[in-house]
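Reader: I am new to reading protein structures, and I would like to go through one slowly. Could we take it one question at a time?

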Amino acid sequence: MDLEARKITFVQEFLRLQNEEIVSGLEKLLRKRKAELTENNFKPMTMEQYDVEIDQAMEDSKNGRMIKASDLKAKVQKWI
C-alpha cells in the first residue's frame, strides 16, 4: 500500500473514532513528531552564509530597500 492509500485509510479510521482520549492522544503524537522532524531537519547556516546575509542586509540598508517595523506592522494589520 502506498503512502497516499495509507493516509486515506488512516483518515477514514480516524473519522470513525468516538473516543476523545484516543483523538487527543493522536493529536499530541502528531504535534510531537512534527516538532521532532522539524528540529532534526534544522541545519544552522555556515559562517560564510551568515556573512553573505549580513552583507546583503547592509547593501539593502544603503539602497533604501528596508521597511520600518511600525510600517510593516500597519501593513500586516490590514491583512487581518
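Author: Let us begin with a definition that will be needed shortly: the expected span of a helix is 1.5 Å times one less than its number of residues. Please keep in mind throughout that this is a predicted model.

Reader: What span should helix 2 have?

Author: Helix 2 covers residues 20–41, which makes 22 residues, and the rule allows 1.5 Å a residue. The C-alpha atoms at its two ends are 32 Å apart, and this agrees with the expected span, which is 32 Å.

Reader: Which residue caps the N-terminal end of helix 2?

Author: The cap can be recognised from a side-chain oxygen that lies 2.8 Å from the backbone nitrogen of Glu-21. The residue that supplies this oxygen, and so caps the N-terminal end of helix 2 by the polar-contact limit of 3.5 Å, is Asn-19.

Reader: How many residues of helix 2 are buried?

Author: A residue counts as buried when its relative accessible area is under 20%. Helix 2 is hardly covered, and among its 22 residues the count of buried ones is one.

Reader: What pattern does the chain follow along the sequence?

Author: The chain holds four helices and zero strands. Read along the sequence, its pattern is therefore written with helix symbols alone, as α-α-α-α.

Reader: Is the chain spread out or compact, and what is its radius of gyration?

Author: For 80 residues the globule rule gives 12 Å, and the chain's value is well over that, so the chain is more spread out than a compact globule. Its C-alpha atoms fill a box of roughly 60 × 35 × 25 Å along the principal axes, and its radius of gyration is 22 Å.

How values were computed. Residues numbered from 1 in each chain as written. Predicted model: local features only at pLDDT ≥ 70, side-chain atom pairs only at ≥ 80, totals over all residues. Heavy atoms only, no water. Rg over C-alpha atoms; globule rule 2.2 N^0.38 Å. Buried < 20%, exposed > 50% of the residue type's maximum accessible area, 1.4 Å probe, protein only. Polar contact = N/O pair within 3.5 Å; in protein donor to acceptor, adjacent residues only side chain to side chain.
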